[in-house]
Amino acid sequence: MKNPRCERFRILMRQFHRNHPWRLTNGLFIPHAYPEPDKVNLWDDVGFILNRRRVMVWWIHPKARYEDEISRRAYEEAGPMPEDSASWSEEKRRKRVGRSRKRVVTYRTQGWSDQMKAYFERVDAIEERLRQEGIDYEARPSLVVRWYRWGIGMELCAPLEVRGVEGVRTLAELARLLIRRKTTLEKARHASCFVKDRKCLLG
């Protein structure tokens, strides 16, 4: 027996995709640019179509998740952010575009107050200390799939080596296999698309 809620979501997903065309590049939605194609990324996004429904993949490397946890703990230890004592000011810079007309081309705002600068310096110092000491936190491969009215969202944490557009294609291929249940994260850990250096797996 079909689940009415799931069937309704399927219909909504297909309707949304039909009424809101997706601009694809060779079958993939690639929202980011890669000016340095050989640079290794620690997070990325990619989308594709599966059974007339959108699938959006939000990928993060375990190293990046570990760094996010360090940053979270640093802000927690540093305490609440102080209110900026400096009053907000904004200077408009104009360019002459005619005999008597000028157009705003840039905006210049004031910098941080000394109080705010000291706060962020304290956060940076705490982050560096936590990196040196290490924290009790394991960033392991994981996959969370959620259904939305516009499509399917996949939150993927895996030690992939993503370099430029070709790396994004590999990421999309793995996500497609995972969502179709053709493989699992445990099986894919030893696949060629994963980083062979085991140090990339934190914990």
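A strand is a DSSP run of E with at least two residues, and strands are numbered from the N terminus. The place of leucine 143 is in one such run, strand β7. The exercises below concern a predicted model.

**Exercise 1.** Determine which strands pair with β8, and in which sense.

*Solution.*
Step 1. Strand β4, residues 53-60, pairs with β8 in the parallel sense over 6 bridges. Within this pairing, tryptophan 58 stands opposite glutamate 155 of β8.
Step 2. Strand β7, residues 142-147, pairs with β8 in the antiparallel sense over 6 bridges. Here serine 142 stands opposite cysteine 157 of β8.
Step 3. The connection between β7 and β8 may be added: the two strands form a hairpin with 4 residues between them. In the turn, glycine 151 has a positive phi of about 160°.

**Exercise 2.** Decide whether strand β8 is largely enclosed or not, and give the reason.

*Solution.*
Step 1. A residue is buried if its relative accessible area is under 20%.
Step 2. Of the 6 residues of β8 (residues 152-157), 5 are buried.
Step 3. Therefore β8 is largely enclosed by the rest of the structure.

**Exercise 3.** Classify leucine 143 and valine 145 as buried, partly exposed or exposed, and describe the surroundings of leucine 143.

*Solution.*
Step 1. Partly exposed residues lie between the cut-offs of 20% and 50% relative accessible area.
Step 2. Leucine 143 has a value of 31%, so it is partly exposed.
Step 3. Valine 145, also found in strand β7, has a value of 38% and is therefore partly exposed.
Step 4. Leu143, Val145 and Trp147 form a nonpolar patch on the surface, with about 220 Å² of accessible area together.
Step 5. Leaving aside residues up to four places away in sequence, leucine 143 touches Met154, Glu155, Leu156, Leu178 and Leu185. Its C-alpha atom is separated by 6.4 Å from that of cysteine 157, although the two residues are 14 residues apart along the chain.

**Exercise 4.** Check the length of helix α2 against its expected span, and state what covers its buried residues.

*Solution.*
Step 1. The expected span is 1.5 Å times one less than the number of residues.
Step 2. Helix α2 (residues 62-78) has 17 residues, so it should span 24 Å.
Step 3. The end C-alpha atoms of α2 are 24 Å apart, which agrees.
Step 4. Among the buried residues of α2 are Pro62, Tyr66 and Ile70. The cover of the buried residues of α2 includes β4, α3 (114-133) and β8.
Step 5. Just after α2, glycine 79 takes a positive phi of about 90°.

Definitions and conventions. Residues numbered from 1 in each chain as written. Predicted model: local features only at pLDDT ≥ 70, side-chain atom pairs only at ≥ 80, totals over all residues. Heavy atoms only, no water. Buried < 20%, exposed > 50% of the residue type's maximum accessible area, 1.4 Å probe, protein only. Pairing = 2+ DSSP bridges. Contact = heavy atoms within 4.5 Å. Patch = residues over 30% accessible without salt bridge, like charges linked within 9 Å, V, L, I, M, F, W, Y side chains within 5 Å. Areas by Shrake-Rupley, 256 points an atom, 1.4 Å probe, with all protein chains shown as cover. Salt bridge = Lys/Arg side-chain N within 4 Å of Asp/Glu carboxyl O.
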